Amino acid sequence: MSWPHPLTLTGTHVTLAPLAHCHADDLAEAAAEGDLWKAWYTSVPRPDLVREEIDRRLSLQHIGSMLPFSVLTPDGKAVGMTTYMNIDPVHKRVEIGSTWYCKAVQRTLVNTECKRMLLAHAFEELDCIAVEFRTHFMNRQSRAAIERLGAKLDGVLRSHQRTSDGSLRDTAVYSILSHEWPAVRTGLDFKLAEER
């Protein structure tokens with residue numbers, strides 16, 4: 001059996017459910033809102049390619065390198081995607097990434113609560129020694145959000161990957177270590193209480 005196992009994580013304002021094709025229409029609508037897929041420094045799928053992206057993520061789940069989730073509002077509407085990825089079951093490390101949300105829920109408590117649930121599961125249930133976050137160096141909004149979580153910058157992998165348009169991406173790598181989790185958890189809980 002792969003590690004980690006598919007599961008549903010439920011919070012007050014959002015539920016992380018195993019990614020499924022039944023979420024495709026909502027996710028296509030979410031990607032279209034604000035033309036998110038046009039941002040050159042992100043990898044949000046075009047609305048007409050959401051089903052292919054679901055297939056891609058599920059195939060990576062099948063080989064054990066990703067555990068994808070749909071981000072659902074309390075009424076069950078899918079408003080984005082997130083994953084555990086670059087899964088290392090030997091060293092108990094995961095990356096939280098390939099995350100995107102529709103424009104309406106960006107800069108709300110949705111991201112804070114999603115990350116709070118994913119981090120708690122990683123450190124408290126999966127016994128991870130570290131959780132990573134990676135983003136395009138030029139994606140200032142993503143970098144600021146990662147830093148607000150309490151993650152620390154490990155460094156920048158220069159010319160790390162080619163983007164879909166062929167340009168080279170510098171990747172900013174952040175992490176939270178297991179001994180840092182209690183302080184990070186306290187900070188996230190404070191932010192969630194403050195934002196409610």
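Welcome! On one side of helix α2, E52 and H62 are exposed (over 50% relative accessible area, with a 1.4 Å probe and protein chains only). This is a predicted model, in which local features need pLDDT of at least 70, side-chain atom pairs count only at pLDDT 80 or more, and totals for chains, interfaces and linings use all residues. Residues are numbered from 1 along each chain as its sequence is written, and side-chain values use heavy atoms, leaving out hydrogens and water. Helices (H or I, at least four residues) and strands (E, at least two) are DSSP runs, numbered from the N terminus.

**Helix α2**

- Helix α2 covers residues 50-62, 13 residues in total, and reaches 18 Å from its first C-alpha to its last. That is close to the 18 Å expected at 1.5 Å a residue, where the expected span is 1.5 Å times one less than the number of residues.
- Away from the exposed side, V50, E53, I54 and R57 of α2 are buried, meaning under 20% relative accessible area.
- These buried residues line one face of α2, because they fall within an arc of 105° seen down the helix axis (the arc is that of the directions from the axis to the C-beta atoms).
- The buried residues of α2 pack against α1 (24-32), β3 (66-72), β4 (78-88) and β5 (93-101); contact means heavy atoms within 4.5 Å.
- After α2 comes G64, with a positive phi near 90°.

**The sheet**

- An open sheet of 8 strands runs in the order β1-β2-β3-β4-β5-β6-β8-β7, with mixed pairing; two strands pair if DSSP finds at least two bridges between them.
- β1 (9-10) and β7 stand at the edges with a single partner strand each, so one side of each has no neighbour in the sheet.
- Strand β6 (residues 130-136) pairs with β5 in the parallel sense over 3 bridges, and E95 stands opposite E132 in β6.

**Helices on the sheet**

- α1 packs on the sheet and touches β3, β4 and β5, its direction making about 100° with that of β4. Such angles run from 0 to 180 degrees between N-to-C directions, with axes fitted to C-alpha atoms, for helices over the stretch in contact.
- Helix α4 (residues 140-149) also packs on the sheet, touching β6, β7 and β8 (168-177), and its direction makes about 160° with that of β6.

**Positive phi values**

- Most residues other than glycine have a negative phi.
- N86, in strand β4, has a positive phi near 45° and is partly exposed (between the two cut-offs above), with a relative accessible area of 46%.
- S159, in strand β7 (residues 152-162), has a positive phi near 50° and is partly exposed at 45%.
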